[in-house]
Structure formats: C-alpha cells, structure tokens
Amino acid sequence: MTTENFDDMKDRIETFVKDLVDKSSLDLRVEVTETAPSTIEVSFLGFDLPLLLGHNAELLDALQYVARRAFATAVAEGVQIDFDAGGYRETRRQELELMAQKAAERVKVSKVPFVFDPMNAQDRRIIHTALVDFDGIKTESEGEGQMRRVRVYPS
Amino acid sequence: MKELIELVARALVDHPDQVNVKEHEGAQTTVLELRVADGDLGKVIGKQGRTARAIRTILNASGTKLKKRFVLEILE
C-alpha cells in the first residue's frame with residue numbers, strides 16, 4: 001500500500017469511527033494515529049470510557065471488530081487496526097501475564113490441570129505466549145467460538 | 001438509531017445502496033429491521049454471528065446512553 005493510500009485510509013477510518021461514536025450518542029473523543037509502519041491506533045478519551053471498557057472492554061472490542069471488518073481489504077493487505085483507551089491493552093496484558101504465571105505455578109506443583117474462563121483470541125494468545133518457556137507445564141486452547149478457553153496442564 | 005445501523009451496515013457490505021433499515025418504536029423497545037442484498041447477509045452476520053454480535057453490543061451501549069432498549073433484527 002502506498003503512503004497516499006495509507007493516509008487516505010487512515011482518514012476514512014477516522015471519519016468512520018467518529019461518525020460511529022456520534023451516532024451511538026457516546027461521549028468520547030477519537031484520536032487516530034500511525035503508531036508504527038502500517039499500524040493504525042484508534043484511541044478514545046472522555047466521559048464514556050467506563051462504558052467502553054466494562055465487561056473486559058466488550059464495547060471497545062466490538063468497535064474494533066466492526067472497523068476491521070469495514071476495512072477488511074486494508075487489513076488483508078497487512079494494515080493493523082488497533083483500538084485502545086486509557087492504556088487498557090497494556091493493563092490487560094499485565095493482568096493476563098500475572099494470571100498465567102499464577103496458574104502455571106499451581107499446575108506445576110499440584111499436577112492438576114487449570115482451565116481459564118473463556119477469552120477472545122487476543123487474550124488467549126497472551127496467556128500462551130507468557131507460558132511458552134515455563135518448564136513443567138503446557139498450554140492449549142479448547143472449546144469452540146465464544147467458549148474457547150486456555151487449559152494449562154502438566155507436561 | 002436507524003442512522004447508526006445504516007452507517008455500520010453500509011460500511012460492511014458490497015452493495016451499500018441496498019441497505020435498508022426500518023425502525024419500529026414501541027413503548028419500551030425499539031426494533032430495528034435490517035435488510036441487505038442477498039449476497040451481503042454473511043457480511044453483516046459474520047462467522048459464528050460475530051459481526052452481528054458486535055453490532056448489537058454497540059447498539060446496546062447506545063441504548064444505555066439513551067435509556068432505551070433496542071433490538072436488531074437481520075432479515076433474510
């Protein structure tokens with residue numbers, strides 16, 4: 001994708017998300033930035049952050065999903081579209097890594113498998129990645145769709 | 001709310017001109033009926049209904065703000 005096309009697409013994403021927020025009556029300000037080559041970050045500020053981040057950021061993820069589908073052609077060409085607000089993604093990553101560590105230690109000692117609550121692909125990936133080098137345990141995902149969850153078991 | 005569903009649906013489908021939304025306002029619940037071109041049904045529903053679920057999540061958030069209940073029906 002050329003720089004011109006990229007900039008044009010970034011503008012279109014910004015217009016789309018602002019329009020979406022506006023028509024949803026959400027009290028949020030939208031900022032769209034290029035955080036890395038071919039990476040667009042859409043971040044939010046404002047009164048409705050709690051609504052956006054409640055239930056494990058269900059609304060933030062819904063908006064991100066719709067935007068990725070709406071700009072599916074660009075995504076297929078390698079453009080990354082990431083939605084964030086108030087440092088949520090980083091906080092969530094730290095929380096998941098801590099949960100992963102605790103679960104792995106428990107399984108290693110007890111030899112009893114531990115199954116996490118269902119999580120989206122992004123969260124499951126963080127758990128798997130965090131435990132790749134952890135000796136004595138293995139991880140796998142089980143279940144389908146919305147019910148897919150990470151299982152930690154002794155190796 | 002009609003405009004919200006139109007905006008999202010038009011952004012997702014191949015035939016935005018064939019997106020049609022009808023709003024039926026009840027006492028407590030407003031029903032939004034979405035129609036798209038035959039070939040675009042999958043685009044608004046998504047794999048395992050994921051797109052439809054995302055649209056409903058956005059709609060519910062909007063309902064929370066407006067203190068109203070909205071139901072999205074995707075018509076075949």
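User: What makes the contact of Lys65(B) with Asp48(A) a salt bridge?

Analyst: Good place to start! In this predicted model, the closest N and O atoms of Lys65(B) and Asp48(A) are 2.9 Å apart. A salt bridge asks for a side-chain nitrogen of Lys or Arg within 4 Å of a carboxyl oxygen of Asp or Glu. The value of 2.9 Å is within that limit, so the pair counts as a salt bridge. As background, side chains of opposite charge can pair when their charged atoms come close.

User: Which chains and elements does the pair cross between?

Analyst: Lys65(B) sits in helix α3 (residues 50–66) of chain B, while Asp48(A) lies in the loop between β2 (39–45) and α2 (49–70) of chain A, and the pair crosses between these chains.

User: How do you know whether Asp48(A) is buried or exposed?

Analyst: Compare its value with the cut-off. Asp48(A) has 5% relative accessibility, and buried means under 20%, so Asp48(A) counts as buried. Its partner Lys65(B) is at 28%. Partly exposed covers the range between 20% and 50%, and therefore Lys65(B) counts as partly exposed.

User: How many salt bridges does the structure hold over all chains?

Analyst: There are 15 over all chains. Two of the pairs are Glu90(A) with Arg93(A) and Arg93(A) with Glu97(A).

User: What makes Glu90(A), Arg93(A) and Glu97(A) one network?

Analyst: Take the pairs in turn. Glu90(A) and Arg93(A) meet with N to O at 2.6 Å, and Arg93(A) and Glu97(A) meet at 2.7 Å. Both values are within 4 Å, so each pair passes as a salt bridge. The salt bridges share partners, and that joins Glu90(A), Arg93(A) and Glu97(A) into one network.

User: How far apart are Glu90(A) and Arg93(A) in helix α4?

Analyst: Glu90(A) and Arg93(A) are three residues apart in helix α4 (residues 88–110) of chain A, about one turn of the helix. Arg93(A) and Glu97(A) are four residues apart in helix α4, so about one helical turn separates them too.

User: Why is Arg93(A) called partly exposed?

Analyst: Its relative accessible area is 29%. That value falls between the cut-offs of 20% and 50%, so the label is partly exposed. Glu90(A) at 36% is partly exposed, and Glu97(A) at 31% is partly exposed as well.

User: What makes Glu34(A) fit into a patch of negative charge?

Analyst: Glu34(A) gathers with Glu4(A), Asp7(A) and Asp11(A) in this surface patch. Asp and Glu count as negative. A patch residue needs over 30% relative accessible area and no salt bridge. Glu34(A) has 43%, so its area passes that cut-off. Glu34(A) is found in strand β1 (residues 29–36) of chain A.

User: Which helix gives the most to the negative patch?

Analyst: That is helix α1 (residues 3–23) of chain A, with three residues.

User: Why is Asp84(A) called buried?

Analyst: Asp84(A) is at 13% relative accessibility, and buried means under 20%, so Asp84(A) counts as buried. Its place is in strand β3 (residues 80–85) of chain A. The C-alpha atoms of Asp84(A) and Val42(A) are separated by 6.3 Å, though the two residues are 42 apart along the chain.

User: How do you know that β4(A) and β6(A) pair?

Analyst: Count the bridges. Two strands pair if there are at least two bridges between them. Two bridges join β4(A) to β6 (residues 149–154), so this antiparallel pair meets the rule. Within it, Phe114(A) stands opposite Val152(A). β5(A) and β6(A) pair over six bridges, with Ile137(A) facing its bridge partner Pro154(A) in β6(A).

User: What makes β4 and β5 of chain A edge strands?

Analyst: The open sheet of three strands has the order β4-β6-β5, with antiparallel pairing. β4 (114–115) and β5 (137–142) each pair on one side only, and they are the edge strands.

User: Which residue of the hairpin of β5(A) and β6(A) takes a positive phi?

Analyst: Gly143(A) does, with phi near 90°; this hairpin has six residues between the strands.

User: How many helices and strands are there in chain A?

Analyst: Chain A has five helices and six strands, which follow the pattern α-β-β-α-α-β-α-β-α-β-β along the sequence. Of its 155 residues, 37% count as buried.

Terms used
Residues numbered from 1 in each chain as written. Chains lettered and ligands numbered in written order. Predicted model: local features only at pLDDT ≥ 70, side-chain atom pairs only at ≥ 80, totals over all residues. Heavy atoms only, no water. Patch = residues over 30% accessible without salt bridge, like charges linked within 9 Å, V, L, I, M, F, W, Y side chains within 5 Å. Areas by Shrake-Rupley, 256 points an atom, 1.4 Å probe, with all protein chains shown as cover. Charge placed at Lys NZ, Arg CZ, Asp CG, Glu CD. Buried < 20%, exposed > 50% of the residue type's maximum accessible area, 1.4 Å probe, protein only.
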